[in-house]
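User: Please take a close look at the open sheet in this chain, at the helices and residues packed around it, and at how the rest of the chain is built.

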Amino acid sequence: MVKSVAVIGLGRFGKKLAESIYDMGVDVLAVDKNSEIVASVADRVTVAVTADVSNPESIKGIGIGDMDIVVVAMGSDLVASIMSVMVAKEQGVPFVLAKAADNRMGQILKKIGADKIIYPEEETGFRIARTLVMDSFLEFFDIDDNLCLLEIKPKPEWIGKNLIELKLREKYRINVVAVKDHSEMRSFIDPSRPLEDDTELLVIIEKSDLKYLK
């Protein structure tokens, strides 16, 4: 499970991504060269730091080697993006995701070590945030600004227990609307039936409560 994420570059996309990840209950290190931008996000993340992200020594000094994931979110600054990706991989970060403005930039960042390239005009910061930190999510659908519909795998500790025992609404603030097992989706839910390894749950949850599923 992801415990810590660094987001380098706090433009509109990076800031939204950092805040969304933090709202999901993950420790977030937010980094930008602009001190005013850093100050504006300081109360919405775990730690916010001003650093020259085009300088390798400066990047090393912020401690990104301790992160589970580093997101390089500076699509318009190729030099800073290259330095950030290279230093993150040199420091042993397991997964580095990099934002690219175009295919050429994406190819360069992939070549120097980025594990995944994103083109944010095609995806939202919130959607990317949940794919990074919620490995139990199978599908995600927006319902409105506050609600979403998820198809999720049960947590390992849920297997063998039924919905009555699990008290999912009370503990995780989710409402189960359908259950899928043996490749069959059923809207009739037997709350006394234990969940199996291949069970999938279709649930409705408020986006602000996603952190309880982490």
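Analyst: The account below starts with the sheet, moves to the packing around it, and ends with the remaining strands and one ring pair.

This is a predicted model, in which local features need pLDDT of at least 70 and side-chain atom pairs count only at pLDDT 80 or more, while totals for chains, interfaces and linings use all residues. Residues are numbered from 1 along each chain as its sequence is written, and side-chain values use heavy atoms, with hydrogens and water left out.

The chain holds 8 helices and 11 strands, where helices (H or I, at least four residues) and strands (E, at least two) are DSSP runs numbered from the N terminus. Six strands form an open sheet in the order β3-β2-β1-β4-β5-β6, with parallel pairing; two strands are taken to pair if DSSP finds at least two bridges between them. At the edges stand β3 (47–50) and β6 (116–118), each with a single partner strand, so one side of each is left without a neighbour in the sheet. From one strand to the next the twist averages 20°, with axes taken as lines fitted to C-alpha atoms, for helices over the stretch in contact, and angles running from 0 to 180 degrees between N-to-C directions. Within the sheet, β4 and β5 are joined in the parallel sense by 4 bridges, and Val72 stands opposite Ala98 in β5.

Two helices can be placed against these strands. Helix α4 lies across β1, β4 and β5 and runs at about 175° to β5, whereas α5 lies across β5 and β6, at about 160° to β6.

The packing can be followed through the largest nonpolar core, a term for a set of buried Ala, Val, Leu, Ile, Met, Phe, Trp, Tyr and Cys residues joined through side-chain atoms within 4.5 Å; buried means under 20% relative accessible area, exposed over 50%, and partly exposed in between (1.4 Å probe, protein chains only). This core has 25 residues, of which Ile64 and Val70 touch the most other members. At least two residues each come from β1, β2 (27–32), β4 (69–72), α4 (78–90), β5 (95–99) and α5 (103–111), and α4 gives the most, with 4 residues. Apart from this core lies another, of 18 residues, with Leu10, Ala18, Ile69 and Val71 among them. In soluble globular proteins, nonpolar side chains tend to be buried together.

Contact, meaning heavy atoms within 4.5 Å, shows what surrounds Ile64: leaving aside neighbours within four places in sequence, Ile64 is in contact with Ala6, Ile8, Leu29, Ile59, Val70, Ser84, Val87, Ala88 and Val93.

Three further residues add detail around the sheet. Ser4 belongs to strand β1 (residues 4–8) and, at 11% relative accessibility, counts as buried; not counting residues up to four places away in sequence, Ser4 touches Val26, Asp27, Asp66, Met67, Asp68 and Ile69. Lys99, in strand β5, also counts as buried, at 18% relative accessibility, and the C-alpha atoms of Lys99 and Ser81, 18 residues apart along the chain, are separated by 8.3 Å. Val38 sits in helix α2 (residues 35–41) and is buried at 5% relative accessibility. Beyond neighbours within four places in sequence, Val38 is in contact with Leu10, Asp32, Ala48, Val49 and Thr50; the C-alpha atoms of Val38 and Leu10 are separated by 7.5 Å, although these residues are 28 apart along the chain.

Later in the chain, strand β9 (residues 174–181) pairs with strand β11 (residues 200–206) in the antiparallel sense over 6 bridges, with Lys180 opposite Glu200 in β11. Strand β9 is also joined by 3 bridges to strand β10 (residues 184–186), again antiparallel, and there the bridge partner of Asp181 is Glu184.

Trp158 and Tyr172 form an edge-to-face aromatic pair, 5.2 Å centre to centre with 65° between the planes; rings of Phe, Tyr and Trp (its six-membered ring) pair if their centres lie within 6.5 Å, and planes under 30 degrees apart count as stacked, over 60 as edge-to-face and the rest as tilted. Trp158 lies in the loop between β8 (147–152) and α7 (163–166) and Tyr172 in helix α8 (residues 168–172), so the pair ties together parts that are 14 residues apart in sequence. Both Trp158 and Tyr172 are buried.

For the chain overall, 44% of the 214 residues count as buried.
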